[in-house]
Amino acid sequence: MTPETVGPLSRLVDVMRIPPRGQDVHVEATAEECAALARDFGLPGIQALSGDYHLKTSAKGINVTGTVRASITQICVTTLEPFDSAVEEEVEVDFAESSGMPAEPPTDINEYEPPDEIVNGQIDLGALTAEFLALGLDPYPRKPGVDFDYRDPSDEKDSPFAALNKLREGK
């Protein structure tokens, strides 16, 4: 991992220090990190971002489970108004040393999800938090209560029912 590959939120965990019973880790983004991630994701704002994880060692590597939570401001695709919303994403990711990864995935690719790589004996829970926030963002956010109901006036003129309505109205 080099400084160029790490995003604005980075919390490195040394995998050799994870106890056999597992370890709980809480990641909380600072205001500066939230602002930087908001710029990266094209959001008006991220008010809060956190991840709660349980790390457990296995023969294959490290299993990380947990939840990412965020309070964000998005722009409604219908009204173009900003609105606040919450994101909550469940996390389950395996990490392994590159030497422990299989050379080829099994034949049924739908059953195989390759583990993320342990780099220099560390995993980055900050980057994982940012990644799952990005996965939880609605690509077409709508402000609650807003419905898109557009009708093109030219559609009604060209409609066969428009001609029938004219006949019925006596026009």
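1. A good place to start is the interior: the largest nonpolar core has 32 residues, and Leu-49, Leu-55, Ile-123 and Leu-125 touch the most other members. At least two residues of this core come from each of strand 2, helix 1 (31–41), strand 3, strand 4, strand 5 (82–97) and helix 2 (125–136). A nonpolar core here is a set of buried Ala, Val, Leu, Ile, Met, Phe, Trp, Tyr and Cys residues joined through side-chain atoms within 4.5 Å. Buried means under 20% relative accessible area, with exposed over 50% and partly exposed in between (1.4 Å probe, protein chains only). Helices (H or I, at least four residues) and strands (E, at least two) are DSSP runs numbered from the N terminus.

2. Please keep in mind that this is a predicted model, in which local features need pLDDT of at least 70 and side-chain atom pairs count only at pLDDT 80 or more, while totals for chains, interfaces and linings use all residues. Residues are numbered from 1 along each chain as its sequence is written, and side-chain values use heavy atoms, with hydrogens and water left out.

3. Now to the sheet. It is open, with 5 strands in the order 2-3-4-5-6 and mixed pairing; two strands pair if DSSP finds at least two bridges between them. Strand 2 and strand 6 (116–118) are at the edges with a single partner strand each, so one side of each has no neighbour in the sheet. On average, neighbouring strands are turned by 25 degrees against each other, direction ignored. Axes for such angles are lines fitted to C-alpha atoms, for helices over the stretch in contact, and angles run from 0 to 180 degrees between N-to-C directions.

4. The pairings are worth tracing one by one. Strand 2 (residues 23–28) and strand 3 (residues 45–57) are antiparallel over 6 bridges, with Asp-24 partnered by His-54 in strand 3. Strand 3 and strand 4 are also antiparallel, over 12 bridges, and Gly-51 faces Val-68 in strand 4. These two strands form a hairpin with 4 residues between them, where Gly-61 in the turn has a positive phi of about 155 degrees. Strand 5 and strand 6 run parallel and are joined by 3 bridges, with Glu-97 opposite Ile-118 in strand 6.

5. Two helices pack on this sheet. Helix 1 touches strand 2 and strand 3, and its direction makes about 100 degrees with that of strand 3. Helix 2 touches strand 2, strand 3, strand 4 and strand 5, at about 130 degrees to the direction of strand 5. In helix 1, Glu-33, Cys-34, Ala-36, Leu-37 and Ala-38 are buried, and the buried residues of this helix pack against strand 2, strand 3 and helix 2. Just after helix 1, Gly-42 has a positive phi of about 70 degrees.

6. For a close look at one residue, try Thr-73 in strand 4 (residues 62–75). Thr-73 is buried, at 11% relative accessible area. Its side chain makes a polar contact of 2.8 Å with that of Gln-47; such a contact is a pair of N or O atoms within 3.5 Å and, within protein, one must be able to donate a hydrogen and the other to accept it, with residues adjacent in sequence counting only if both atoms are side-chain atoms. Beyond four places in sequence, the residues in contact with Thr-73 (heavy atoms within 4.5 Å) include Leu-43, Pro-82 and Phe-83.
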